[in-house]
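Here is a short set of exercises to work through with the structure open beside you. Try each task yourself before reading its solution.

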Amino acid sequence: MRFVILMKATADSEAGVLPDSDILTRMGNYNEELVNAGIMLGGEGLQASSKGARVNFSAGKTTVADGPFAETKELIAGFWIWQCKSKQEAIEWLKKAPFDGGTEVELRQIFDAEDFGKELTPELRQQEERLRAEIAKK
């Protein structure tokens, strides 16, 4: 099972405050533990919403709104992608994360091809597999 772990933004992350060397060291050590255990597939920190945009598709119209965005609690500051045997295993790993007070993290399971049932036709499945192989080469 694959999961995405979403780190929620804070006032500091939205203000562009970067982590200090102590936090970077602890997070680096934790990430290394995740990689060595075969859990971590990827992960990144995200720039403040002031450097982003939202694109809205509605009734055939596309609108773009440049950041920053006011609702910090709705924003994401970073993510991991993990491979775990179960949601409980992911939660146990997450409990070891080097976060201090005030950090909120959301854990969500990622869809696998099998989740789409018959709607994912053999042709669509082949396309998906081909695209994943191309991405892996890059």
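The exercises below go from model confidence to the sheet and then to the pockets.

**Exercise 1. Confidence**

Find where confidence in this predicted model is lowest and where it is highest.

*Solution.* Start with the whole protein: the model is predicted, and its pLDDT averages 94. Next, check for weak stretches: 100% of the residues score at least 70. Now go element by element: α1 has the lowest confidence, with a mean of 91, while helix α3 (residues 87–95) has the highest, at 98.

**Exercise 2. The sheet**

Work out the order of the strands in the open sheet and name its edge strands.

*Solution.* Begin with the order: 4 strands line up as β2-β5-β1-β6, with antiparallel pairing. Then look at the ends: β2 and β6 (105–109) are the edge strands, each pairing on one side only. From one strand to the next, the twist averages 15 degrees.

Now zoom in on one pair. β1 and β6 are joined in the antiparallel sense by 5 bridges. To place yourself within this pair, find L6, whose bridge partner in β6 is E106.

**Exercise 3. The largest pocket**

Describe the largest pocket: its volume, the residues closest to its centre and the make-up of its lining.

*Solution.* First, the volume: the largest pocket holds about 1,100 Å³ of space. Second, its centre: 35 residues line this pocket, and S13, V17, P19, I23 and A77 are the closest to the centre. Third, the elements involved: β1 (2–8), α1 (11–14), α2 (21–36), β2 (40–45) and β5 (76–83) each contribute at least two lining residues. Of the elements, α2 gives the most, with 5 residues. Finally, sort the lining by chemistry: 16 residues are nonpolar, 11 are polar and 8 are charged.

**Exercise 4. The second largest pocket**

Which residues line the second largest pocket, and which helix gives the most to that lining?

*Solution.* Begin with the volume, which is about 160 Å³ for the second largest pocket. Then trace the lining along the chain: R2 comes from one part of the list, followed by F111, D112, A113, F116 and L120, and then R125, E128, E129 and R132. Helix α4 (residues 122–137) gives the most to this lining, with 4 residues. To finish, sort by chemistry: the lining of the second largest pocket has 4 nonpolar residues, no polar ones and 6 charged ones.

Technical notes
Residues are numbered from 1 along each chain as its sequence is written. This is a predicted model: local features need pLDDT of at least 70, side-chain atom pairs count only at pLDDT 80 or more; totals for chains, interfaces and linings use all residues. Side-chain values use heavy atoms; hydrogens and water are left out. On a 1 Å grid over the protein atoms alone, a cavity is a set of points where a 1.4 Å probe fits but cannot get out, and a pocket is an open set with protein on both sides within 12 Å along at least five of seven lines; lining residues have an atom within 4 Å of a point. Grid points are joined across faces, edges and corners, and a volume is the space filled by probe spheres set on the points. Ala, Val, Leu, Ile, Met, Phe, Trp, Tyr, Cys and Pro count as nonpolar, Asp, Glu, Lys and Arg as charged, and the others, Gly among them, as polar. pLDDT is the predictor's confidence in each residue, from 0 to 100. Two strands pair if DSSP finds at least two bridges between them. Axes are lines fitted to C-alpha atoms, for helices over the stretch in contact, and angles run from 0 to 180 degrees between N-to-C directions.
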